[in-house]
Protein chains: 2
Amino acid sequence: MAATASILADLFILFLAAKVAGAAFARLGQPAVIGELLAGVLIGPHALGLAGTADPALVALFHGDAATAQEATNLVLELLAELGVIVLLFFVGLETRLSDLLGVGRRAVLVGVLGVLAPFAAGYGLMTLRGEAPATALFVAAALVATSTGITARVLRDLGVLHAAESRIILGAAVIDDILAMIILATVSQLGPRGTVDPLDIGLIAAQAVGFTLFVALLGVRAISRFQTHLERLPLANAPLVLALALMLGLATLATRVGLAAIIGAFLAGLVLAQAKERYALEDAALPIYEFLVPFFFVIMGTRVDPALFLDARIIGDALLITVVAVLAKLLGAGAGGLGLGLRSAALIGTGMVPRGEVGLIVASLGLSRGLIAAEFFSVVVVMSILTTLIVPPALTWLSRPRVRRPAPARGERMGGAGRLPEL
Amino acid sequence: MAATASILADLFILFLAAKVAGAAFARLGQPAVIGELLAGVLIGPHALGLAGTADPALVALFHGDAATAQEATNLVLELLAELGVIVLLFFVGLETRLSDLLGVGRRAVLVGVLGVLAPFAAGYGLMTLRGEAPATALFVAAALVATSTGITARVLRDLGVLHAAESRIILGAAVIDDILAMIILATVSQLGPRGTVDPLDIGLIAAQAVGFTLFVALLGVRAISRFQTHLERLPLANAPLVLALALMLGLATLATRVGLAAIIGAFLAGLVLAQAKERYALEDAALPIYEFLVPFFFVIMGTRVDPALFLDARIIGDALLITVVAVLAKLLGAGAGGLGLGLRSAALIGTGMVPRGEVGLIVASLGLSRGLIAAEFFSVVVVMSILTTLIVPPALTWLSRPRVRRPAPARGERMGGAGRLPEL
């Protein structure tokens with residue numbers, strides 16, 4: 001009880017800080033998500049230490065073992081952050097129409113594939129030029145690959161442009177990107193020091209990932225279209241919302257079982273349920289859960305940042321180099337896939353794919369624990385993840401800002417026509 | 001990532017099982033909460049083992065230490081259950097009008113005090129008669145004291161009778177009960193083997209507890225009445241809901257700091273916000289969070305039950321004796337406080353105060369860890385907590401069932417007049 005009370009206090013501080021900072025940034029005309037991230041940095045264990053540190057009651061629970069108590073605290077916060085990002089991607093899925101996604105399908109595949117290949121090649125090339133071993137070069141390259149859709153999706157949502165063609169391409173490409181990134185992660189995670197893997201395993205993982213996505217998206221949409229009228233007959237209070245939440249948790253879990261990120265399952269759950277959303281007002285129904293849980297993801301991500309890292313000259317030099325490579329490679333690779341839509345749209349798509357966030361951190365921590373990358377490279381990847389995450393919200397806001405001020409169009413008008421971002 | 005994925009799978013199974021069992025029980029005309037509890041027993045680590053057991057990925061996170069991984073799993077689930085019961089009591093507070101509670105104030109105090117004294121005296125007497133040491137007798141007596149408002153509040157809510165006079169007396173008495181129980185818990189937790197405590201500490205804890213409740217309830221209501229019109233001017237999406245959630249987490253945290261249970265703070269937050277609920281439709285706004293989180297409390301409580309305990313003849317004999325004492329003492333003690341309202345109302349109030357739930361478990365586990373009670377007594381208290389929890393929902397349902405079937409009165413009518421349960 002004392003242990004949960006101590007974590008409860010953390011949750012209160014995290015929630016309050018996220019909301020206050022988010023409101024402050026919104027007032028300044030910036031996306032609330034930046035405020036939530038920076039609030040996390042400020043109150044996290046590396047700065048003020050107001051949240052995220054195991055307190056004495058928790059250490060007592062783990063028989064005085066402070067390190068284990070801290071690991072348990074991290075686990076709790078990680079799970080809460082995971083629930084937050086699951087709800088976020090569920091929401092993004094709910095706000096995505098499959099027909100829209102299929103309409104941008106070929107371009108999304110192009111953006112996704114080029115956006116993965118370019119950073120991987122650039123990272124591997126840079127590390128090889130610096131004389132690193134192949135296994136190390138592969139790990140660093142892998143850490144540069146995966147786009148963190150959470151940040152981009154949140155900013156696009158805050159800007160109210162989720163239905164624009166560029167946004168749909170970014171979200172579609174993010175699905176492709178995640179599948180490719182998970183294949184690469186699964187591959188490098190099987191790397192021995194000599195850098196060998198079993199091609200059969202890779203093929204199996206890839207087939208599972210692609211099969212899961214197609215199966216859920218296509219079959220789920222059909223099932224929902226057919227059975228949605230039966231939902232209201234269930235002897236369950238708020239049956240549609242409850243079933244939606246169960247599907248969200250279930251597909252997120254299933255995704256992890258086929259080697260994908262949980263958020264991909266949550267996104268697919270939202271996508272499938274988007275077919276029934278008008279009937280049951282699912283977005284309105286789930287919004288309070290969004291307001292409660294999503295900020296935890298961003299503020300908790302913030303708490304993991306050690307501001308002192310930014311002061312170490314050697315790390316910051318390497319980090320800036322890697323960050324520039326990571327940004328340019330993703331911007332040019334993913335952007336190249338969007339060139340057919342014009343330069344501004346291509347820049348927007350490329351920028352939207354830039355944030356690396358948590359996936360890069362996962363790859364780097366895996367490489368560190370395997371002894372395949374040095375601690376300094378880990379710090380470099382951490383800084384890269386943070387910088388790519390922090391620069392994108394203002395860049396996206398700027399790129400999607402109307403060029404000349406005119407009265408805003410009605411929502412229907414904005415979503416109609418070519419479906420691009422309004423060139424006001 | 002693998003570790004959070006394993007817990008995510010548990011959450012999915014817990015949520016699904018709770019909702020399916022809840023719906024099944026609702027269909028049978030029973031409170032959904034019994035289904036949720038029994039679903040937890042069924043899928044918990046002591047039976048099917050589908051949820052609540054640390055999996056290999058989690059054990060790996062804790063460096064192969066299975067016991068620690070299990071403790072961490074328990075911590076995560078306990079926190080989730082705590083969030084669930086916090087949201088539940090917040091909701092109950094939101095549905096309680098302070099004027100109603102103050103209207104039943106004197107009777108609630110009488111019910112609360114008698115409902116604490118009777119089981120404490122009965123438990124202490126029984127243990128002393130059996131030749132136990134004073135410290136042991138005090139601990140067992142303390143474990144019999146605290147009513148678990150969660151179960152009763154949920155059943156009253158499911159039955160739609162939260163506004164009846166009996167319900168308001170139960171909820172008011174539960175606040176008194178919790179304050180007294182926390183004072184007793186704080187007292188016995190300072191017991192040495194010889195059973196001595198510092199009266200000054202007890203006085204301090206008691207003063208804090210009473211002061212906190214009165215301060216928050218009275219000042220909070222005034223502050224909300226005065227400032228509620230300013231809420232909508234905040235630059236924050238869904239400001240009223242967000243502030244309500246922040247107040248819920250904040251007062252829950254604050255309650256733990258003054259030695260009270262977190263749920264008392266959450267109840268007070270709801271009570272205070274009830275002043276502004278019509279204006280902002282806070283109940284509707286928070287309902288999805290209720291649907292998502294509250295079932296976790298009951299299903300997770302269920303997972304803690306080892307059905308095998310019910311098969312050990314010696315334990316079950318002792319447990320039945322203690323349970324009968326616990327039930328009768330609370331029923332007669334709390335019921336005596338409600339006698340002025342007639343026998344049926346007194347029985348209803350007494351029954352509503354019977355469930356012991358988690359607080360008894362906390363006291364017992366504390367006594368166990370201090371070596372003041374034996375492992376067998378711990379099991380006895382566990383069985384007592386479960387039985388008192390399981391028998392109350394059907395008993396309350398039966399007691400508040402209309403005697404003769406007539407058309408149900410309109411809501412306003414039911415709440416008007418004497419405000420008692422309808423004697424249809």
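**A buried helix, a shared core and a symmetric interface**

In chain B of this predicted model, seven of the 10 residues of helix α16 (residues 343-352) are buried, so the helix is largely enclosed by the rest of the structure. Buried here means that 20 or more other C-beta atoms, placed from the backbone, lie within 10 Å of the residue's own; helices are DSSP runs (H or I, at least four residues) numbered from the N terminus. The buried members of α16(B) are B:Ser345, B:Ala346, B:Leu348, B:Ile349, B:Gly350, B:Thr351 and B:Gly352.

Residues are numbered from 1 along each chain as its sequence is written, and chains are lettered from A in the order in which they are written. Local features need pLDDT of at least 70 and side-chain atom pairs count only at pLDDT 80 or more, while totals for chains, interfaces and linings use all residues.

The largest nonpolar core (buried Ala, Val, Leu, Ile, Met, Phe, Trp, Tyr and Cys residues joined through C-beta atoms within 7 Å) has 317 residues. Among those with the most contacts inside this core are A:Ile86 and B:Ile86. Leaving aside residues up to four places away in sequence, B:Ile86 touches B:Met248, B:Ala252, B:Ala262, B:Ile263 and B:Ala266.

Turning to the interface, 46 residues of chain A are in contact (C-beta atoms, placed from the backbone, within 7 Å) with 46 residues of chain B. On the chain A side, α1(A) gives the largest share, 14 residues. A rotation of 180° with 0.0 Å of shift along its axis superposes chain A on chain B (RMSD 0.0 Å), by least squares on the C-alpha atoms of residues with pLDDT of at least 70 in both. That is the relation of a two-fold axis.

Technical notes: Two residues are in contact if their C-beta atoms, placed from the backbone, lie within 7 Å. Helices (H or I, at least four residues) and strands (E, at least two) are DSSP runs, numbered from the N terminus. A residue is buried if 20 or more other C-beta atoms lie within 10 Å of its own, exposed if 12 or fewer, and partly exposed in between; C-beta atoms are placed from the backbone.
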